[in-house]
Amino acid sequence: MQIEIRKGIEQDSDTIREIQRELRRPSRAECIAREYLIAWRGGVAVGCAATALHAEGGYFYGLAVRREWQRQGIGSQLMEARLDALRALQADYAVALAMFWNSRFFRRHGFAPVKRNLLPASALHQPDLTNPAYARSAAMLRSLEHSKALT
């Protein structure tokens with residue numbers, strides 16, 4: 001399915017919150033729209049996904065695709081767009097938290113489960129990793145390959 005993915009702007013905050021609320025995702029104290037990518041189809045926001053940047057990588061959160069648009073590859077397109085953005089920044093890793101029912105999705109995108117205490121040090125500052133609301137979520141890690149320019 002052909003969609004347009006663009007970076008969120010402050011005016012998209014209500015749209016992001018609406019998508020998250022529709023899917024009963026955990027609410028966040030604040031919505032940082034610039035961390036989100038939003039998938040659009042025919043002028044309708046059909047999904048979103050966020051990346052919080054760290055010193056050497058990024059933390060993926062907030063992946064949500066509206067029910068009527070699920071199972072059409074939109075989540076995968078959002079995932080690949082986030083991975084591409086991190087590679088462009090020469091990031092070393094991506095970290096995510098996944099519930100058991102969604103871990104297969106992350107594995108298909110190259111993530112592997114890892115104990116939280118073995119995550120890269122810069123990722124450990126992410127508040128979600130110590131938030132009791134996410135204690136049952138599995139930590140998933142993906143190393144990012146990027147080519148270094150030859151000098």
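**Largest pocket, helix α1 and selected loop residues**

The largest pocket is lined by 43 residues, and those lying nearest its centre are R25, L63, A64, W101 and N102. The model in which this pocket was found is a predicted one. The volume of the largest pocket is about 1,200 Å³. By residue class, its lining divides into 23 nonpolar, ten polar and ten charged residues. Five elements of secondary structure each supply at least two residues of this lining: the helices α1 (13–22), α2 (74–88) and α3 (103–108), together with the strands β4 (57–65) and β5 (93–98). Of the contributors, β4 gives the most, with seven residues.

Helix α1, one of the elements that supply the pocket lining, has S13, I16, I19 and Q20 as its buried residues. Viewed down the helix axis, these buried residues fall within an arc of 130°, and they therefore line one face of α1. An α-helix has 3.6 residues a turn, so residues three or four places apart point the same way. The cover over the buried residues of α1 includes β2 (36–41), β3 (44–53) and β4. Strand β4 thus appears both in the lining of the largest pocket and in the cover over the buried residues of α1. On the face of α1 turned away from the buried side, the exposed residues D14 and R21 are found. T15, also placed in helix α1, is partly exposed, with a relative accessible area of 21%, where the limit for a buried residue is under 20%. The C-alpha atoms of T15 and A91 are 28 Å apart in space, and the two residues are 76 apart in sequence.

The loop between α1 and β2 holds R24 and R28. R24, just after α1, takes a positive phi of about 55°, although R24 is not a glycine. R24 is exposed, at a relative accessible area of 75%. R28, in contrast, is partly exposed, with a relative accessible area of 32%. With residues up to four places away in sequence not counted, R28 touches Y61, D128 and Y134. The separation of R28 from R17 is eleven residues in sequence and 9.0 Å in space, C-alpha to C-alpha.

A positive phi is also found at Q90, in the loop between α2 and β5. Its value is near 60°, and Q90 is a residue other than glycine. Q90 counts as partly exposed, at 38% relative accessibility.

S122 is located in the loop between β6 (112–113) and β7 (138–143). Although S122 is a loop residue, its relative accessible area is 11%, and S122 is buried because this value is under 20%. The side chain of S122 takes part in polar contacts with two other side chains: that of E56, at 2.7 Å, and that of Y93, at 2.6 Å. Leaving aside neighbours within four places in sequence, the residues in contact with S122 are H54, A55, E56 and Y93.

Methods. Residues are numbered from 1 along each chain as its sequence is written. This is a predicted model: local features need pLDDT of at least 70, side-chain atom pairs count only at pLDDT 80 or more; totals for chains, interfaces and linings use all residues. Side-chain values use heavy atoms; hydrogens and water are left out. On a 1 Å grid over the protein atoms alone, a cavity is a set of points where a 1.4 Å probe fits but cannot get out, and a pocket is an open set with protein on both sides within 12 Å along at least five of seven lines; lining residues have an atom within 4 Å of a point. Grid points are joined across faces, edges and corners, and a volume is the space filled by probe spheres set on the points. Helices (H or I, at least four residues) and strands (E, at least two) are DSSP runs, numbered from the N terminus. Ala, Val, Leu, Ile, Met, Phe, Trp, Tyr, Cys and Pro count as nonpolar, Asp, Glu, Lys and Arg as charged, and the others, Gly among them, as polar. Buried means under 20% relative accessible area, exposed over 50%, partly exposed in between (1.4 Å probe, protein chains only). The arc is that of the directions from the helix axis to the C-beta atoms. Contact means heavy atoms within 4.5 Å. A polar contact is a pair of N or O atoms within 3.5 Å; within protein, one must be able to donate a hydrogen and the other to accept it, and residues adjacent in sequence count only if both atoms are side-chain atoms.
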